[in-house]
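Got a new structure on screen and not sure where to look? Let's walk through a few spots together, one question at a time.

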Amino acid sequence: PSLAALPGHLLRGLLPLLNVFYLERAEGAARRAGLSTQPIWRKLWDDVMKTRPPNSENVTCWRQKFLEMFFSNVLHGVLDVSSDWRLNDHHFSPLLHSSQHVTQLTLCNMLQAVTELTAEHNQKVLENLAGSLRTLKFQHLLSTDQSVRRSLVLLLHRLIHHGSVSQVSMYSWPVPDTVLLTLILSMSAGYWCSGKVLPYRSSPCGFCREDSAQQQGSTRAQTELECCGGKEQSHGKEQPAYPGAQGAQGGLLGCGADAPHSPAISAQRSAPSSNALCAGGSGEVSCDSPAGSSPCCLLEGLSCHPVPRKPRRRQKAVVGRRRRCLRRSRATYDDQEDLYDFVFTVAREKTSELHGNSATEGESADNCSSSSTGSPCSSTAGCKRRGGSAGTFSLKTAQRFRSVSTLALFSIPLTEDACRTLSNLLSSWVSLENLVLSYNGLGANITCLLWALRALSRRPGCRLRVLRLSDVFCHVPCVELVRCVLSALPQLRTLSVSFDLKNQVEGNRPGVNLSCSETEIPESCLEQLEIRFPREPLHTALLLPVLKASRGLQQLSLDSAALPCPQELEHLLQALKECNPNLKKLSFHDVNLADHQKEVLLLLQDPILQEITFSFCRLFESCTTEFLSEIINTVKRNSSLKSLKLPGNRLGNHRLVALADIFSEDSSSSLCQLDVSSNCIKPDGLLEFSKKLEGHIQQRGGHIKFTHLRLFQNWLDQDVETAQEALRRLRAVCNVVNDTWDSSQAFADYISVM
C-alpha cells in the first residue's frame, strides 16, 4: 500500500533500489503508474545468473524468467543468496516467495531436491507449485534409496494427481533404474498405488481426505459389497472411469484427465467408481480402509481382510481369465519387495485391448513378442517376486487419477521389459495428447509400441494428436513405419519419424516385419508430417498412399532423403499438387537439389505455399547467374510466399547482395522472413546488402513487409567493426537474429574430422 501511494517519479527512482522480494511486490504499483520493471529484472538476470538464456529474444517476462531460475538454483544449492544483498532478506523465504512463479522445474541426479520439497517446513512451497507448475523434467537421474522414492511418490501425487503438471519429460539416463522409471511413468499415467508400493503410516493428503468425507457415511457398506462381491458379473469388462463428456480413461478411478488445474476446483471432481480399490473377486474378501482415510487415495496400507459373511454361491470363473481381486496375506512385506512387485506387474499387466480385442479381431501375436496368450506386450520375464511368490499388485486394483497430457523420453534406453511397461500404460492413457520418444533404442520393440497405440486409439476419448519418434537405427523403412502409425492412429495431427542410420542386420536374422504396412490407410487428420530418412531413397510411389490419406496436410518436411532418379522430385511435386491442395509449408533438408533447378523454380512460384525451406541442399553449388536471376524474379512475382529459408547453400557475398532485389520497387513479393544462416557471408557482403536494401525501401516510400533476417553461423567475426555497422543498418529495417560464432574454430573442427 505504501508503494502504491508514491508518485510515479519517486517510484521510478525507488524500483532499482529494491531487492527481489520487494521488487516483486511492487509490480502492481509499477504497472498502475505506467512503469515497466522488465529492464530491472533483465539486469538482475545478467548480474546474478551470468548466463545468456536460450532464446532470449523470445522472453516476454523477465520477472517470471528470473524468479523461476532463482527458485531452481536455490533449491539445488547452486546459488548462495547471501552473496548479493538483492537476494537476501530475513523477512522472506526464497523458495516460498518465488515458487508461485515457477512453471517449469528440473529434478536431477539423486533427487535431493525432492526430499527438500516434501519436507514439512516446505508444505506451502509445494502447495504453490501444485498451482503454478506445468512442466516437470527429470535429468541425469541416478539410483535412489527407498526414502527418496517415498518422497517422490508424494511429490508426484501432489503435483500431477492433485496439481497442474501437464508435461513430464526425462532426459539423458544411460542406465535407467527400472523401479524409478516405472514409478515415474505409472504415476504420470495417473496410477496411484497407495499402501502396497509404499506403506506409509501418515495421514492422507487433504484432497483425498475431502473425497473420503463425501463417501464415509452410508456409502461405505455399499462400497464393500460392490468391491468384493457385486462386480463379479462384470468380469473382464472395463468400467468407464470418466463421464462421456470427459472421455473414458482406461483406469479405474474417475478423477478425470480434464480435472481442473486449480487445487480448489480439483477437489470438486466426481466421486471415484466403487470398484476403484478392488474390482471383482471372492465373496469372502472385503476391502477395508483405515478410519478417516479415503478409498480414493490411501497413504496407509491397502488391505483386504476376511470378514464373516453370509455364505453364497460363487459364480463359476471364466476360463482363461484370472481373478481381478487378489488376496493379500496378513504378513507385512518388505517395502522394497512391494515396490518391485508393482514395477514388474506394470510390465506384464494384461489390458483388455492387448488381449481380448486382439483375439477377436484376428490380430496375430507374432507381431509383438512370443506370448502364447495373444498379448503383444506380456511376458513372464522379470515378473517373479524376489524371494517368494506372494501376491503382486495389479493395475486392475490401482486407483486412477488425473494424468499428464505430454510425455517425452530423451536418450533413455528402453529394454524389452521397459517397453512392455510403457506400452501397457499407453494403451489406456487417453488424456495423453503429445508423445515424444527420442533415442530410446526401441529396435524391434517398435511393434509393441504400435500395438499399444492401436489399443489406445480404440479408447473412447483418446486425445493423442502429436507423436514424435526418433532413434539412431531404423529397423523398418521410414515410409512403412509412417503407414503403420497412421493406420493405428488416424486421428493424429502431427507425426514425426526420424532415424540416423540404417539398421545393420546381423547374419541371416530377418528384420522387423510390420504386417500393418500392407493395410489400407484410413482417411487421417494429419496436418504435419516430418520424415528423416537414414539415407534411404525417396520413392514417391510408397509415400503416395500416405499423401492420399492426408488430404488436410499443411506441413511436410523431408530430411536426408536420396533422390533415386532425376524425375523423382517431379513426381513428388505432382503428387503434392493433386493430393494435398492445402499444403502451406514445405521443407527439404540435406537433400541434393543442385541438379533440380526446374523443380526448385516450380516450388517458388507455387501460389499456395507460404513457407519454403531449402536447408543444406547445395542449391547454389553449380548455380549460374541466369538461375539466380530466375529465382529472384520468381519470388518477386509470388505474393503468397511469406518465408524463404536458405541456410547452408553456399550463397556467398555476391549472391546475398543480389537477393536484395527481391524487395525492389517493382516487386509484388510479400516475403517477411529470410534465413541465410551458414552461407559463408562476410561483413563486407552484409554491409553491401544492407545498403542496397535501404535503397529499395526508400524507393518504395518506406513501405516493406520484410520483418525478420536470420544470420547464424556466418563469417561476421572476420571484421567486427564492419559487421556491427551492417547489423546497425539492418536492425533499423527488421529484426536481425545472429550469434557470436568463431568461424576460425569451426573451420579447424571441420578440418580435424575430414
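## Helices, neighbours and odd angles

In this predicted model, the axes of helix 24 (residues 683-699) and helix 25 (residues 720-731) come within 8 Å and cross at roughly 25 degrees.

Q: Are helix 24 and helix 25 roughly parallel or roughly antiparallel to each other?
A: Their axes cross at roughly 25 degrees. Angles under 35 degrees count as roughly parallel. Helix 24 and helix 25 are therefore roughly parallel.

Q: What is the handedness of the crossing of helix 24 and helix 25?
A: The two helices really do touch: residues including Leu686, Leu687 and Phe689 in helix 24 meet residues including Ala723, Ala726 and Leu727 in helix 25. As for the handedness, the crossing of helix 24 and helix 25 is left-handed.

Q: How do helix 8 and helix 9 pack, roughly parallel or oblique?
A: Helix 8 (residues 123-132) and helix 9 (residues 146-161) have axes 8 Å apart, at an angle of about 40 degrees. That angle makes helix 8, relative to helix 9, oblique.

Q: Which residues in helix 9 are met by Leu126, Glu127, Leu129 and Ala130 in helix 8?
A: Contact here means heavy atoms within 4.5 Å. On the helix 9 side, the partners are Leu155, Arg158 and Leu159.

Q: Is Leu156 buried or exposed?
A: Leu156 is found in helix 9, and Leu156 touches Leu136, Phe138, His161, Ile184 and Met187, leaving aside residues up to four places away in sequence. With a relative accessibility of 0%, Leu156 counts as buried.

Q: How many Å apart in space are Leu156 and Ile184, C-alpha to C-alpha?
A: Along the sequence, 28 residues separate Leu156 and Ile184. They also touch each other. From C-alpha to C-alpha, the distance is 7.9 Å.

Q: Why are the buried residues of helix 4 on the same side?
A: The buried residues of helix 4 (residues 38-49) are Gln38, Ile40, Trp41, Leu44, Trp45, Val48 and Met49. They sit on the same side of helix 4 because, around the axis, they cover an arc of only 160 degrees.

Q: What covers the buried residues of helix 4?
A: Those buried residues include Trp41, Leu44 and Trp45. Their cover includes helix 2 (20-25), helix 3 (27-32) and helix 5 (62-75).

Q: Which residue with a positive phi follows helix 4?
A: Most residues other than glycine have a negative phi. Just after helix 4 comes a residue whose phi is positive, near 60 degrees: Lys50.

Q: Where is Ser172 found, and is Ser172 buried or partly exposed?
A: Ser172 is not a glycine, yet its phi is positive, about 50 degrees. Ser172 lies in the loop between strand 3 (167-171) and helix 10 (178-188). Its relative accessible area is 27%, so Ser172 is partly exposed.

Q: What is the relative accessibility of Asp590?
A: Asp590 is not a glycine either, and has a positive phi of about 55 degrees. Asp590 is found in the loop between strand 14 (585-589) and helix 21. Asp590 counts as partly exposed, at a relative accessibility of 27%.

Q: What do the buried residues of helix 22 pack against?
A: Helix 22 (residues 625-637) has 13 residues and should span 18 Å, which agrees with its end C-alpha atoms being 19 Å apart. Its buried residues include Phe627, Leu628 and Ile631. The buried residues pack against helix 21 (597-604), strand 16 (643-645) and helix 23 (652-659).

Methods:
Residues numbered from 1 in each chain as written. Predicted model: local features only at pLDDT ≥ 70, side-chain atom pairs only at ≥ 80, totals over all residues. Heavy atoms only, no water. Helix = DSSP H or I, 4+ residues; strand = E, 2+ residues; numbered from the N terminus. Expected span 1.5 Å × (residues − 1). Buried < 20%, exposed > 50% of the residue type's maximum accessible area, 1.4 Å probe, protein only. Arc of directions from axis to C-beta. Axes fitted to C-alpha atoms, helices over the stretch in contact; angles between N-to-C directions. Parallel < 35°, antiparallel > 145°, perpendicular 65-115°, else oblique. Left-handed = near helix turned anticlockwise from the far one by under 90°.
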